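Visitor: I'd like a close look at one single part of this protein. Could you pick a strand and walk me through it slowly?

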Amino acid sequence: MKQESILLLLALLLAGTARGQEADKVLFPAYAGNTRSEVRMPQAVNGYRVLKADLHTHTFFSDGSVSPEMRVDEAWKTGLDVLAITDHIEYKTLREHIQGDENAAYELARKRARERGILLIQGAEVTRPHPQYGHFNVLFVRDANRLRLDNPREALAEALAQGAFVTWNHPAWAVDTCRLHDFQRELLAAGMIHGIEVFNNNEYYPPALRWSREYGLTVLSCSDVHTTVYANDGVHGAGCATAGWFLRPMTLVFARRATADAVREALFARRTLASFGGCLAGEAELLADFFRACVAVSEVCRADGRVTYRLDNRSGLPFLLALGKKRMALPPGHSLDVPLKETDTSLELRVENAFTDRQETLAVRLPL
C-alpha cells in the first residue's frame, strides 16, 4: 500500500509538471536530499543521555580531502550528536596549499556545528611511527599548536597539561595483529592513555577490548574518515556510512547532558559503548543496561500453560539473539514474539552481536 501511494503521488506530480509546459520540453524539479538519518536511542540509560559520537576524523588541514564544514555536515546527515576533528599535528599532505595553524580546522567548523546542533570537540592526532610508537588522539585540547614537539611523550604530556583525554588509535592498523610495545606500556603505566579504539574504519580489535578491561581504558569506535563517509574509494575511513544496519562507526557516550564538559566526564568515567557494523562492544553491565533500555517486553497472550511475550526493539541498532538453540534477529524498529512456559519468570538471552571480551558475547536476563 505504501509503494502504491508513492507511485500515485509521483504520477500526479509528473502530470502537474507536464501541464503548462511544451510537450517537447518538460522540466523536472530538483529535490534536494538534505535530511538527517535519525539513529534512535533510548531517552535515558541509568539516568544518562545516549550521545552518538565520532571522535576521530580528518580534514584537508592534515591528510584529509574535505573541509571542516563538510565534516560537520556529514555528522549531521548521518545522525551524530558529537564530532571531533582530529587532524594530524605532524602529517600535512596539503601544507603548501592550505594555510592555517593547528587550531584552524576547529575554528572553521565551530559556526557550522552550532547551526547543525552538533557538539564539536577540539582535538588533534599525535602521529609517530606505527606500531612501535603509534598514533594518539588528544581530545578537549585548548591550543593544538603547543603540541608541535619532537618527543611524542612530551607532546602527550603537553596535551594532558591542557586537560586532554588521550586515546590510543587503531592498535593493529597496517600490521597483522595487536601488540603492546615498550612505548605504549610506559604510557599505560604512567596513566597517560585513557581510551582505546576497539574499532577503527573497518577493523575490529578483540585484544583491545581485553586491554580496555585490564588497563581500565574507555572503549571507542571511530571512522577515522579522510575522504567522505559515503564514497567507498579505498581511502582510510571512506564509505563507512552505508544503508541498512551498517551505520557509520560510533562511540555511544552516556553523558549527563549534551555538553563538552559532560562528554569529557563520561569518557573519563568509561561510560561508553563501541558501535560498529551492526555490533556493540564494551563492559557487560553497561551493555546489559543499554539492551534493556532498547528492548521493551510486553505480554501478548496466555493460553494452555504458555505465555507469548513480545520483544520490541525501539532503538536504531539491530540485535542478534540466541534463546537456547534458537537464533532470532531483531532489527531496528521491529518486534518478535517469544513463547515461554507460564512458570518462567525471566527471559534468558544471549546477544550475539554484543561483545564483552575477546570471544565472549553478552548474556542478559529480561524480567517478565
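**A close look at strand E10**

Guide: Sure, let's take strand E10, which covers residues 272–276. Keep in mind that this is a predicted model. Start with how covered the strand is: five of its five residues are buried. Now see which way they point. Thr272, Ala274 and Phe276 go one way from E10, while Leu273 and Ser275 go the other way. That pattern fits a general habit: in a regular strand, side chains alternate between the two faces of the sheet. Here the residues pointing either way from E10 are all buried.

Next, look at who E10 pairs with. Strand E9, residues 250–255, runs antiparallel to E10, and four bridges join them. To find your place in that pairing, look for Val253, which stands opposite Thr272 of E10. Then there's strand E11, residues 279–281, also antiparallel to E10 and joined to it by three bridges. Ala274 is a handy marker here, with Ala281 in E11 as its bridge partner. So we've met Thr272 and Ala274 twice: both point one way from E10, Thr272 sits across from Val253, and Ala274 is partnered with Ala281.

Finally, follow the chain from E10 into E11. The two strands make a hairpin with two residues between them. In that hairpin, Gly277 takes a positive phi near 50 degrees.

Methods:
Residues are numbered from 1 along each chain as its sequence is written. This is a predicted model: local features need pLDDT of at least 70, side-chain atom pairs count only at pLDDT 80 or more; totals for chains, interfaces and linings use all residues. Side-chain values use heavy atoms; hydrogens and water are left out. Buried means under 20% relative accessible area, exposed over 50%, partly exposed in between (1.4 Å probe, protein chains only). Two strands pair if DSSP finds at least two bridges between them.
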